[in-house]
Amino acid sequence: MGFLLLPLYFLSLLLIVFSAAVHGANSSASSMTPIPRDLYHSSGALLNEIEALASRHPDVLTMEKMRADNKGYAAEIVVITYNHVKKQTNNKSKFRILLSFGQHGRELITSEVALHLLSVLAKEQKMLSMQPTSFNKILENIVIKVVPMENLNGRKLVEGGELCERRNGRGVDLNRNWSVDWGKKEKVSSLDYDPYEENPGIAPFSEPEAQIMRKLAKSFEPHIWVNVHSGMEALFMPYDHKNSTPNGLTSRLMRSMLQDLNHRYFQDKCLVGSGGGSVGYLAHGTTTDYMYDIAKVPMAFTFEIYGDLSASSKDCFKMFNPVDKVTFNRVLNKWVATFLMLFEMVPSRLHSIHLAVSSVKLVPIGGNVVDGSLIGDSRESKKIEGLELGMQELRTYFRLFLLSSVLLMFMFCSRISKSKCRPACPNLAI
């Protein structure tokens, strides 16, 4: 009889363990906050709304779609260009700003901020704190390119239930796929950090999304780059891959801009400084470090716009996105106001760099210098330089012509005077 009870004992024990495991899995699943569909658009609905917005305001908004593929994996990115005065076809004469949202799939709030910002730029929504005249003045000298959802394929995985997914459609972290310090990974520490999440890909720019963004930056040549993320509230400047910031005037101005934004809209609560020095671990192969070091964008930033630090690390949606309407609207309004203030700062801060550099270095006509590099159309400036040099040469030749004419006249007159004197004075000593 005891032999019969022993298998029954083990069977009941297995049933208890199994039920506990199921209960744990169910409780874990129940602790995951779902996407509040009343607050957040689906990826398709959000992009459709942006396309409709551009079609309603063709005078200021232009939409294009950029595609790329690599080894059977393809990606498409929507790019919206805001230009307040389209009559000026040469955008190189304006200050250029490039903004990217939604690089990580699970950070839905960033793309909602992009939509809200575009609605404000198109004047379908108003900022109560800003008068129309000052709003127009801020925007008349800048061109803004907005990428509202850089990682569409990863976003679709999140919408399908993988709420913790940050990578693209084939498992690569797009913010580790750039060439500056590519391929390195930090060791696992006591911090909430998972190296598996940060797969950098098989090589720099192996991913179509990164290829598209690099092409966009190269053609647009922005003065300001902002990569928008969520997970905390922070205003970061280079570098991500080391615990330091760049040297020089531009670096000091970047920090000054971030401190001004932090004071005005966040009561100095945001982290400000280098990403590598502030987050607690280094990030290698990031977009912002590439934009600053390789693309030579004068001012490159990463904004972290929201984070619920009280949320469980397994409750990804709540950790990275607001889940109630009040907080949701507060994040939208606060960060759109922050971007507008950034736009207002751009001309004066870059102009101050130009003045500082030009005081010790000649500035070619038609271009501005930022840490020794030209801002503006260098071909146009070279044409103007050539014209100026040609005019200088013409003026020099004209002066030489006048001088030689005077000498010839003097010689001619002196010969005439000598010929008149010879008959009257034949014995005059020479």
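Let me start with Met63, whose bridge partner in strand E2 is Ile80, and please keep in mind throughout that what we are looking at is a predicted model. That pair belongs to a longer arrangement, in which E1 and strand E2, residues 73-83, pair in the antiparallel sense over 10 bridges. Packed on the sheet here is helix H2, residues 43-56, which touches both E1 and E2 and whose direction makes about 140 degrees with that of E1.

If we now step back to the whole sheet, how many strands form it, and in what order? There are eight strands in an open sheet, and the order runs E1-E2-E4-E3-E5-E8-E6-E7, with mixed pairing. At the edges we find strand E1, 61-70, and strand E7, 271-274, each of which pairs on one side only. From one strand to the next, the twist averages 20 degrees.

Let me turn to a single residue, Asn177, which you will find in the loop between helix H5, residues 152-159, and helix H6, residues 208-220. Is Asn177 buried or exposed? The relative accessible area of Asn177 is 0%, and because buried means under 20%, we can call Asn177 buried.

What does the side chain of Asn177 reach at 3.0 Å? It is the backbone oxygen of Ala203. Ala203 also appears among the contacts of Asn177 when we leave aside the neighbours within four places in sequence, and that list includes Val172, Trp182, Pro200, Gly201, Pro204 and Phe205 as well. Further along in the sequence, Ser206, Glu207, Ala210 and Gly285 are in contact with Asn177 too.

Notes:
Residues are numbered from 1 along each chain as its sequence is written. This is a predicted model: local features need pLDDT of at least 70, side-chain atom pairs count only at pLDDT 80 or more; totals for chains, interfaces and linings use all residues. Side-chain values use heavy atoms; hydrogens and water are left out. Helices (H or I, at least four residues) and strands (E, at least two) are DSSP runs, numbered from the N terminus. Buried means under 20% relative accessible area, exposed over 50%, partly exposed in between (1.4 Å probe, protein chains only). A polar contact is a pair of N or O atoms within 3.5 Å; within protein, one must be able to donate a hydrogen and the other to accept it, and residues adjacent in sequence count only if both atoms are side-chain atoms. Contact means heavy atoms within 4.5 Å. Two strands pair if DSSP finds at least two bridges between them. Axes are lines fitted to C-alpha atoms, for helices over the stretch in contact, and angles run from 0 to 180 degrees between N-to-C directions.
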